[in-house]
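Reader: Hey, got a minute to walk me through this one? I'd like to go over the empty space, the strands and the charged pairs.

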Amino acid sequence: MLCSVEWGYTRHVKPIVLLSFFALILPVWAGPDRVGYEKDDQRTFVEIERHKRSYFISGEPNTKAQLSIKIPVKQGSGHYLGYSQRLIWELFTESSSPVTDVNFNPEYFYRITRTDNGIWRGIDFGAEHLSNGGEEPKSRSWNSVYAYLPFELQLGEGNVYLSVKTFALFAMDEENKDARDYLGWYEFEFATRDFFRNILSYDELYVAVRPGGREGGRFTHGSLEVGARFKVFRGKTAPHAFLQYFTGHGESQLTYKQKTHALRIGLSL
């Protein structure tokens, strides 16, 4: 991933990191995002696939980038390994341009896919680890087990997606034992795609909500994310324009207790 650079909180990031980031994400297979399930196309080789959204966006208050991929343990087995990496970068807001937090997110999940034409597409059962690799007092880490359920409905020329993910945190770092109070235990996302296919090669609008609190009902904690992606040019590796608004807790592990508001624009695959 971006491990060719020694990530320290006082290190400065060189321009080569930006080039390395896009060099990694451009070849990523441009399959569906996690909210949908890809069809079995009988490939006979292991192929890197898209997982969560990969992007590079910048604005107020800083720059955020994420790379996310998955690979099947064995084709057709339903077993997957995933890896996501997110960084918060003061690229344009500070003269020294430090990376203030990097979050590492390996995971394993087992996917059960429905073969009929119902709107419920299946379910993922998984376990994941999230940490920022920092030293005390900046160390943050936790593990979780989860169940993820996607739904899809075709409406006219477009598609409507709804996904629900429930998770349970455990084995939390001493520095973030109260993470459940801010992250809750479930999240859901509503998305629409390809409703403007007559003028765009791809379009997506989505809203992701994660209520906070141990009981999952504290909307003063948790987070809200709204995004719009579209592209004009066809091709699997053609980038999307991406506009994202985030408000709430947990965007960065280091500052999960702080409520942030961010509006950013950039590119996504």
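Reader: Let's start with Arg210, is that one buried or exposed?

Author: Arg210 counts as buried, because its relative accessibility is 10%; buried means under 20% relative accessible area, exposed over 50% and partly exposed in between, with a 1.4 Å probe and protein chains only. Keep in mind that this is a predicted model, where local features need pLDDT of at least 70 and side-chain atom pairs count only at pLDDT 80 or more, while totals for chains, interfaces and linings use all residues. Residues are numbered from 1 along each chain as its sequence is written, and side-chain values use heavy atoms, with hydrogens and water left out.

Reader: OK, and which residue does Arg210 form a salt bridge with?

Author: With Glu187, and the closest N and O atoms are 3.9 Å apart. The cut-off is a side-chain nitrogen of Lys or Arg within 4 Å of a carboxyl oxygen of Asp or Glu. Arg210 sits in strand β10 and Glu187 in strand β9, so the pair ties together parts that are 23 residues apart in sequence. Strands here are DSSP runs of E with at least two residues, numbered from the N terminus.

Reader: And how accessible is Glu187?

Author: Glu187 is partly exposed, at 28% relative accessibility.

Reader: Where do those two sit relative to the largest cavity?

Author: Arg210 and Glu187 are among the lining residues that lie nearest its centre, along with Lys52, Arg86 and Lys165. The lining has 41 residues. A cavity, on a 1 Å grid over the protein atoms alone, is a set of points where a 1.4 Å probe fits but cannot get out; a pocket is an open set with protein on both sides within 12 Å along at least five of seven lines, and lining residues have an atom within 4 Å of a point.

Reader: What's its volume, and what is the lining like by class?

Author: The largest cavity holds about 1,000 Å³ of space, where a volume is the space filled by probe spheres set on the points, with grid points joined across faces, edges and corners. Its lining splits into 14 nonpolar, 14 polar and 13 charged residues. For the classes, Ala, Val, Leu, Ile, Met, Phe, Trp, Tyr, Cys and Pro count as nonpolar, Asp, Glu, Lys and Arg as charged, and the others, Gly among them, as polar. Strand β8 (residues 158–170) gives the most to that lining, with five residues.

Reader: How many cavities of 30 Å³ or more does a search of the whole structure find?

Author: One.

Reader: Switching to pockets, what lines the second largest one?

Author: There are 15 lining residues, and Asn62, Ile88, Ser252, Thr255 and Thr260 lie nearest the centre. The volume of this pocket is about 220 Å³. By class, its lining has four nonpolar, seven polar and four charged residues. The largest share, four residues, comes from β13.

Reader: Ile88 caught my eye. What is its bridge partner in β5?

Author: Asp101. Strand β4 (residues 79–89) and β5 pair in the antiparallel sense over 11 bridges; two strands pair if DSSP finds at least two bridges between them. On its other pairing, β5 joins strand β6 (residues 122–131), antiparallel again, through eight bridges. There, Phe104 has Ser131 as its partner in β6.

Reader: What about β13, how many bridges join β12 to it?

Author: Nine, with the two strands running antiparallel. One of the partnerships is Gln244 with Arg264 in β13. Strand β12 (residues 240–248) is also joined to strand β11 (residues 218–231) by eight bridges, antiparallel too, and Leu224 has Thr247 as its partner in β12.

Reader: Back to charges. How many salt bridges does the structure hold?

Author: The structure holds 18. One of them links Asp124 and Arg111, with the closest N and O atoms 3.0 Å apart. Asp124 lies in strand β6 and Arg111 in strand β5, so this pair ties together parts that are 13 residues apart in sequence.

Reader: Are Asp124 and Arg111 buried or exposed?

Author: Asp124 is buried, with a relative accessible area of 0%, and Arg111 counts as buried at 7%.

Reader: Last one, what does Ser201 touch?

Author: Leaving out residues up to four places away in sequence, Ser201 touches Asp194, Lys231, Val232, Phe233 and Arg234, where contact means heavy atoms within 4.5 Å. Ser201 lies in the loop between β9 (186–193) and β10 (202–212) and is buried, with a relative accessible area of 16%. Asp194 also meets Arg197 in a salt bridge (3.7 Å, N to O).
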